[in-house]
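Please take a look at the model below before reading on. The notes after it cover the contacts with one DNA strand and the meeting of two protein chains.

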There are 2 protein chains.
Amino acid sequence: MVKTKVDSEELILDAARKVFTRKGMTGARMQEIADEAGINKALLHYYFRNKKQLFDAIFDDVFPRFIPALIQILNSDNSIEEKLSHFVSHYIDEFSHKAYIPVFILNEIHQNPERLASMSMAIEGMKTSRFMVQISEGIETGLYHPIKPAHLLSNLISLSVFPLISQPLLTRVFQMDDKEYMQFLEEKKKLIPELILESIKRN
Amino acid sequence: MVKTKVDSEELILDAARKVFTRKGMTGARMQEIADEAGINKALLHYYFRNKKQLFDAIFDDVFPRFIPALIQILNSDNSIEEKLSHFVSHYIDEFSHKAYIPVFILNEIHQNPERLASMSMAIEGMKTSRFMVQISEGIETGLYHPIKPAHLLSNLISLSVFPLISQPLLTRVFQMDDKEYMQFLEEKKKLIPELILESIKRN
DNA sequence: GTCTATAAGCAGATAGAC
DNA sequence: GTCTATCTGCTTATAGAC
């Protein structure tokens, strides 16, 4: 039995995600979310008692949404080289037009570190992924230099995320237009895996 | 002639910087700034007509404050190796207890990209620094691989900033206490310059 | 469940005394 | 220059009809 009528709760969540991730908790307005959802403010309070509850519902869901695909890449049967390449490409493609998402997450975490609770489980999967096991093995067999997991993962994420969230700055300073910036990101997809590999490979 | 009386305008600016950089434009409250400054709201409006003008005064000043020291490092007579090391160390020391500053800047730029205007001049100095000239020379003489300035600088900044702004996440995921995190940053001071050098040096 | 109307509280901004 | 008191408008939240 097909429901033709759309679910208001879903409409609200979609609208709230859009507004909150762009404007942040303090910058978002319940009226704007209602307008975006095509309903009225009262209905927001009917489904989610107040602004904070609605925000929490969004925040707790934003991060976990993106993690499974990344974990899957790290847990595949591919080589380390392929995983690095897939990971970076996926990451960049996912956020190249949504850089406001990582900025939103970083900002809200700094506003209220307790919000981390909903995120750390999602990240746990990266720490314990097959990729990290492969790295450990490479180190044990002498193929790679010893490197702490924290350093390896932070390098990988740093190099992937920052070019995205600093886009406004980068394009201005280096006078790139949209096309040049997208080209820049394509180059990153090759350069980042190379850089990470060079950093761990023994000569 | 020593003025014993403190300058109210300075008190306000100091307080506003503190509150705005932590809470952001939309999260900050004029009342909180007044309290922090030890004066009342009316005086805020006496010196700065409205919230936006006060915010602009702060924002336009935050970024330029940190740039000259970095430019100076890049323009010194030191070797590339020393410059990289000094740059990263200075960066990390400067922001290890103020990671909310780069988060604030990133967030506000994404809220309103026009704000970039006050920043790009400050960054211009990095692009045209003696460091970048040394890199160009290294490339011309075949000492280094060819690399676009945008990639080199973005790698350097990415690796330096992200470990700072992602501190809450990192420390949680890798279960570091404060001491271990500071140790982690100390290691970064060595690892980042090494990584950057490896990426450009010919074997 | 969904709406209109309205209450209640808050934050930015101003008036005016000192 | 600095304060207290107050206003105005906006934003969240609720009441109550349908």
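What follows is a short tour of the DNA contacts and then of the protein interface.

This is a predicted model, in which local features need pLDDT of at least 70, side-chain atom pairs count only at pLDDT 80 or more, and totals for chains, interfaces and linings use all residues. Residues are numbered from 1 along each chain as its sequence is written, chains are lettered from A and ligands numbered from 1 in the order in which they are written, and side-chain values use heavy atoms, with hydrogens and water left out.

**Around DNA strand D**

Let us begin with the DNA. DNA strand D is surrounded by 17 residues, where a residue is near the strand if one of its heavy atoms lies within 4 Å of it. The closest are A:K41, A:K51, B:N40, B:Y46 and B:Y47. By character, this surface has eight nonpolar, four polar and five charged residues; Ala, Val, Leu, Ile, Met, Phe, Trp, Tyr, Cys and Pro count as nonpolar, Asp, Glu, Lys and Arg as charged, and the others, Gly among them, as polar.

Helix α3 (41–47) of chain A and α3 (41–47) of chain B each supply at least two of these residues, and α3(B) gives the most, with four. Helices here are DSSP runs (H or I, at least four residues), numbered from the N terminus.

Sugar or phosphate accounts for 63% of the strand D atoms within 4 Å of the protein, and bases for the rest. The table gives polar contacts to phosphate oxygens (a pair of N or O atoms within 3.5 Å).

| Residue | Part of residue | Distance to a phosphate oxygen of strand D |
|---|---|---|
| A:A28 | backbone | 3.4 Å |
| A:K51 | backbone | 2.8 Å |
| B:S8 | side chain | 2.9 Å |

**Where chains A and B meet**

Now to the protein interface. Here 48 residues of chain B are in contact with 48 residues of chain A, contact meaning heavy atoms within 4.5 Å. The two chains bury about 4500 Å² between them, with carbon and sulfur atoms giving 69%; buried area is the accessible area (1.4 Å probe) that two parts lose on being put together, summed over both. B:H110, B:H151 and B:F162 supply 14% of what chain B buries against chain A, more than any other three residues.

How many salt bridges link the chains? The count is two, a salt bridge being a side-chain nitrogen of Lys or Arg within 4 Å of a carboxyl oxygen of Asp or Glu. In one, the side chains of B:E187 and A:K148 meet at 2.6 Å, N to O.

Definitions and conventions:
Polar contact = N/O pair within 3.5 Å; in protein donor to acceptor, adjacent residues only side chain to side chain. Helix = DSSP H or I, 4+ residues; strand = E, 2+ residues; numbered from the N terminus.
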